[in-house]
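Hello,

I am handing over the structure below. My notes on it follow.

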2 protein chains.
Amino acid sequence: MQDALSYAETHFDDFVGQLEELLRIPSISTDSQYANEVQRAANWLAEHLASIGVQHAEVIATDGHPVVYAEHMVDDDRPTVLVYGHYDVQPPDPLELWTSPPFEPTRKNGTLYARGACDDKGQMFMHAKAAEAYLQQEGDLPVNLKFVIEGEEETGSKHLVPFIEAHKDRLADADVVLISDTAMFSHDAPSITYGLRGMAYAEITLTGPNRDLHSGIYGGGVENPINALADLISQLHDADHRITIPGFYDAVQDLTADERQTYRELPFDEAAWKDEIGLDAVKHEAGYTLLECLSGRPTLDVNGIWGGYTGEGAKTVLPAKAHAKISMRLVPDQRAADIYDNLEAYLQDLTPPTMTLDFRRLHGGKPVLVDRDHPAMQAAADAVEHVYGQAPHFVRNGGTIPVVADFKDHLGLDSVLMGFGLDSDAIHSPNEHFGLDRFHKGIEAIIRFHATFAERVGG
Amino acid sequence: MQDALSYAETHFDDFVGQLEELLRIPSISTDSQYANEVQRAANWLAEHLASIGVQHAEVIATDGHPVVYAEHMVDDDRPTVLVYGHYDVQPPDPLELWTSPPFEPTRKNGTLYARGACDDKGQMFMHAKAAEAYLQQEGDLPVNLKFVIEGEEETGSKHLVPFIEAHKDRLADADVVLISDTAMFSHDAPSITYGLRGMAYAEITLTGPNRDLHSGIYGGGVENPINALADLISQLHDADHRITIPGFYDAVQDLTADERQTYRELPFDEAAWKDEIGLDAVKHEAGYTLLECLSGRPTLDVNGIWGGYTGEGAKTVLPAKAHAKISMRLVPDQRAADIYDNLEAYLQDLTPPTMTLDFRRLHGGKPVLVDRDHPAMQAAADAVEHVYGQAPHFVRNGGTIPVVADFKDHLGLDSVLMGFGLDSDAIHSPNEHFGLDRFHKGIEAIIRFHATFAERVGG
């Protein structure tokens, strides 16, 4: 392990340069115009894994974007770690807010700026570099290693479960899934994530008249779909900022006294947090703390809205249609299928007789809680403690990685979420970035994880 | 007059071809990208007026788009008619809903399809053709004629008042303003418009966090500007569909018993009206009929809304900003300046402490009522009755032509609104069109108006 650590130290500049190559490929999975770039990123990654000494690496087609699969088997008696990550990225818009182009990686004061720098190309690539350090320097790995790096995480991982099912024989012998796609609690407070929120993401359209109308001729007699959509949305929260969808909270596991204590112990500077995102005030569900609401409670957000004339100047249109994208973050044991049903029924009920509602389910993901006593969780805690000089906090994360539930359901595997992002990395926003210190510490922690995990399970 | 009527009959095909030339110029005034096209339309029109024998025609620059001014003075003892119209048009989007390209005029079953076919190139051009019929066939006109054809009607006629003030000496000797930019009550019920609604059009932006955020990391603790905007909009109407802005109705002149009787006498087929625009139900202010609400009562409509991710697929953004364009149609004696103040104060009051509100006034227009006993109103009624074989209804129109108030305020002139559009002409919508029968009848009515008006005032 020491030789691998030294290799990572001396080759760090090369590692950053290689990551920059990958970041230059705009692998935006949600936009079909970029399908070729997504494919190009997959090809690049498989070739790269082969070039660093991984025994087998291939690009496997799915009905959507491909999966990069790789494996390096050392010894059947050693434990097997399945690394999961994703090489696709979010769209970069609004483009005008980037200070450097999103697909031209730019280093500034020890930080790397690019779409995907953190989520998840940067974090995923740490696993490739940890493997390279072992393979190039020691010719061996303390564990058997498998990689499943997908290209549809940002659009709901629709074809990953079919992939897992189709390749179950190659995956089911793993002992644990290791993922770096989450954030540390803060730069000075490393953490391991034991909970994730799920997701239900819908797109709705209200249609009133059969065409856009002149608001002078028809205004006052024809109900306006935008006004009606605003009425619907405004009825989704009550004055306590609780979600009003009937049945929405029925399956929610409330936070335990123990978990609430863990939340209280976190070193959270609310003033600094608000300052960083430019807020004077917050709004969250009554009866819970801000931190609890950010990861331990379900939410509802309108992620996009559009209708009528949105160009320069004034156009007096009374539009035929208005649209919104609405997502809900779910907590155990909410099920996306039930929540979709509940929301659709409620919205149908609220839709006035002047309108028709179209409801589309875009993608869902299960919420998850992982057992903190799993040997791989403890190995991760050891590794992070060694690198950071302090024990990590166990935290819940407000985001969604649906595949964690999928790995449990389809392969019986628990996942260790050892992430090195920060909430301030602006993932999904303009000027996404990743600190090169964390890229470095992450590689070191992964190298240590493999050795410690092998030792703990006696491989 | 009979010779002019014959000329219009025999040259009608030429008239349509010339109108098509003008319709091919995309003179979209609200979009600065089309400024050259607006200028091109002005030049075309001035050259055309000169070519048909009008003594003087010129393009006069303003601080915005130019005004086409023309005059033909026959005799100082005859009355002077000032024709007002506009050569600018609304944007054509959504483009995909047009069955023929908006700027390639297409004739189908006696109807001409193009942006501006009715509003107002088609209707304005009838006045040019009526003048041509007199000048080419009789070498004379029964009235003195002036044309003020502007290029900013669709954006609030911002530079028309400065134009009127700067050229008061050329305009103030007119006896009446004659305008064809309104609709008939129906194809079988010709009408003269005696009332117009005013307008106050605002654009608002709510800003929450200082950048777009990840809804997984921040959702539940950061109030979402789209949700907050929906809350604001939903509070602008009450359950009776009355507008809730404090002071909004203070200056409203209620409909008189006489006016309400006039509304009741109109041959309105509500079922056919709903069917034509694809509606099962209407929604309007309680205490008034649908027809009254469409033109005699003030309204509030959201004409555009946008925020967050509006592209294909799912993006889990919690956006920094959300935007809406909100317009109100006003009735006498509401003043746009007061209504803006009232709306801005109310919205500021409703804006939660997590947000800041930006409020922009885009453009306003005064509501107007014209005296039905003006000799030019009676001349118009005579002309229309002759052409249609029935007396026209006097009606209020729900749209806004701010210049009608401007001509009254700055020149002391009443306006006669003798329009030949139909509500079903899809002005401001895809597939705008104008029936060639109405283009023809309109020219005939204008020829008759000039003769009748001259006779009535003894010119």
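The face of H3(A) turned away from its buried side carries Asn36(A), Glu47(A) and Ser51(A), which are exposed (12 or fewer other C-beta atoms within 10 Å of the residue's own, against 20 or more for buried, with partly exposed in between and C-beta atoms placed from the backbone). This is a predicted model, in which local features need pLDDT of at least 70 and side-chain atom pairs count only at pLDDT 80 or more, while totals for chains, interfaces and linings use all residues. Residues are numbered from 1 along each chain as its sequence is written, and chains are lettered from A and ligands numbered from 1 in the order in which they are written.

Helix H3 of chain A covers residues 35-51; helices (H or I, at least four residues) and strands (E, at least two) are DSSP runs, numbered from the N terminus. Its buried residues are Val38(A), Ala41(A), Ala42(A), Leu45(A), Ala46(A) and Leu49(A). They lie on the same side of H3(A) because they cover an arc of only 130 degrees around the axis, taken from the directions from the helix axis to the C-beta atoms. After H3(A) comes Gly53(A), with a positive phi near 110 degrees.

Chains A and B also touch. Each side is counted by contact (C-beta atoms, placed from the backbone, within 7 Å): 81 residues come from chain A and 81 residues from chain B. On the chain A side, S11(A) gives the most, with nine residues. S11(A) and strand S11 (residues 299-308) of chain B run antiparallel and are joined by five bridges.

Regards

Technical notes. Contact = placed C-beta atoms within 7 Å. Pairing = 2+ DSSP bridges. Expected span 1.5 Å × (residues − 1).
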